[in-house]
Amino acid sequence: MESLFPDFKLGKSATTIAPQVKSSSLDKIKIIGGNPLNGTIPISGAKNCALKLMCAALLTEESVYFENSPNTLRDMNSQIELLEYLGCAIKCEGSLMAINASAIETYTAPYDIVRKMRGSILVLGPLLTRFGQAKVSLPGGCAIGTRPVDLHIKGLEEMGATITLDDGYINATAPAGGLQGAKILFPKVSVGATENLLMAATLAKGETVLVNAAKEPEIIDLGECLIKMGAKITGLGTETIRIEGVKSLKGVRHSIVPDRIETGTYIIAAGMTGGTLRLQNARIEHLSAALGFLSQAGIEVEQDKNDIIVSREVERLQGVDIMTEPYPGFPTDLQAQFMAMLTLADGAGMVTETIFENRFMHVPELSRMGADISVQGNSAIVRGVKSLKGAEVMATDLRASVALVLAGLVAEGETTVNRIYHLERGYEDIVGKLGGVGANISRVSGE
Ligand code: UD1
């Protein structure tokens, strides 16, 4: 293993297996609300970028190294499990991850691993373009609507792949000479489809043009890493990305962009509880749409070198209307947290969800805590109340779960958030990070 990763500084904590999340899925989080948050929270590398970068490691036989990697997340564990199953060698130490895909043993991503997380569909493009074949189970992940993968499949077909769907598996084969460059017009903006096609195109023959591509910072980061690996890509961050296929890609050392959704979540936490937070290693420019609305609500945010400083400007936040949109619009992954914030605002705010059709699962739980929310189709009117009351709550997706934690931080009395499994998919050490800035929060065993 050492010879695969020559520049990996092996310390005592280095591991050849996935770093295990220690808690059981039955564990709960208990919060006693009312404490303002003051102090410093380090922001982790972006989960939604790290998961894709790991798939990009499949594009080369050389070793790749990722710094600022959120290695302790459950979703990262699931991706490690999948890549190890495929035959990758992986080492993790702190927030460094090294992957070597020189000895891939199978091109099949099985249901048992893929069902845990939707991000695993991103092995499809890399496997198919490098090895000419891939069999990937249809994915699982958060229960937020049907979430099809038709755009991923259609794009690969346009690059010459033959694809069939059998028994819940996507069976894909490339033509004899490999995938062909193509002009792919996405009828709808999709983060995952853009990423899958971007990776597939790096090793295809000739030029691929992705039109109506997604522009998320995570896609730019993935593209920049691919460029360092030798890919020829232009137009990242615009709606037209051009990729000129190359014969092979090489190893890389890349530092993962900070998690803008984790950052936004803690900005809202500071705004809801009062106090002043310094968010270490965070980028204000990746949250510009959200910050406009947060500022209207009364939250002050400023960049200080690599950090962001957040404070609440007003006694009580104001109700504001938001609508989720593809980047650079308001992120759907911050919608639930913003709604939790509106429950205590002065006046009403309307939240319209345009990306996913079933992303209001936090509404009944917030209502159990005393929130006044009425849902009409894909919009929710949130009328601010004077106070929330602690309650036993549970959510079935990652961002909905963290919205309940935020509500618990300001509710009167005790809130118990069940199924913290979801939180651990996307928030590194949330109990430690919030506890470290003054929240009365603890993890209790559910056994
Ligand atoms: C990614 C993020 C997720 C975020 C979402 C939107 C990861 C692991 N997840 O998810 O946290 O909420 O972007 O910012 O990065 N669609 C289709 N056909 C497809 C693909 C998507 O109809 O083939 C639809 C989806 O159902 C959805 C919309 O397009 O309504 C956007 O989905 P997409 O951008 O693809 O989200 P994900 O990549 O799954």
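**Exercise 1. In which loop does Pro328 lie?**

Solution. Pro328 belongs to the loop that runs between β18 (322–323) and α10 (335–342), where helices (H or I, at least four residues) and strands (E, at least two) are DSSP runs numbered from the N terminus. The peptide bond that joins Tyr327 and Pro328 is cis, with omega at about 15°.

Before going on, note that this is a predicted model, in which local features need pLDDT of at least 70 and side-chain atom pairs count only at pLDDT 80 or more, while totals for chains, interfaces and linings use all residues. Residues are numbered from 1 along each chain as its sequence is written, and side-chain values use heavy atoms, with hydrogens and water left out.

**Exercise 2. Describe the surroundings of the ligand, and explain why it lies between domain 1 and domain 2.**

Solution. Begin with the shell: 19 residues surround the ligand, and the closest are Lys52, Arg118, Ser190, Asp333 and Ile355, a residue being near a molecule if one of its heavy atoms lies within 4 Å of it. Next, sort the shell by class, which gives seven nonpolar, five polar and seven charged residues. Then turn to the helices: α1 (47–56), α5 (150–158) and α6 (191–202) each supply at least two residues of the shell, and α5 gives the most, with three residues. Finally, domain 1 (32–40 + 259–444) and domain 2 (48–247) both give residues to the shell, so the ligand lies between them; these bounds come from an automatic or database domain assignment.

**Exercise 3. Find which polar atoms of Asp150, Ser190 and Val191 lie close to the ligand.**

Solution. The term polar contact stands for a pair of N or O atoms within 3.5 Å; within protein, one must be able to donate a hydrogen and the other to accept it, and residues adjacent in sequence count only if both atoms are side-chain atoms. For Asp150, a polar side-chain atom lies 2.7 Å from a nitrogen atom of the ligand. For Ser190, an N or O atom of the side chain is 2.6 Å from an oxygen atom of the ligand, whereas Val191 uses a backbone N or O atom, 2.7 Å from a ligand oxygen. The protein covers 88% of the 740 Å² of accessible area that the ligand has on its own, as computed by the Shrake-Rupley method with a 1.4 Å probe.

**Exercise 4. Is Arg118 buried or exposed, and what does its side chain reach?**

Solution. Arg118 lies in the loop between α3 (111–114) and α4 (124–131). Its relative accessible area is 16%, so Arg118 is buried, a term that means under 20%, with exposed meaning over 50% and partly exposed in between (1.4 Å probe, protein chains only). A polar atom of the Arg118 side chain lies 3.0 Å from the backbone oxygen of Pro148.

**Exercise 5. Compare the settings of Asn68 and Lys305, which have positive phi values.**

Solution. Asn68, with phi near 55°, is found in the loop between β3 (64–67) and α2 (74–86). Lys305, with phi of about 55°, is found in the loop between β16 (299–304) and β17 (307–312). Asn68 is buried at a relative accessible area of 18%, whereas Lys305 is exposed at 76%.

Definitions and conventions: Ala, Val, Leu, Ile, Met, Phe, Trp, Tyr, Cys and Pro count as nonpolar, Asp, Glu, Lys and Arg as charged, and the others, Gly among them, as polar.
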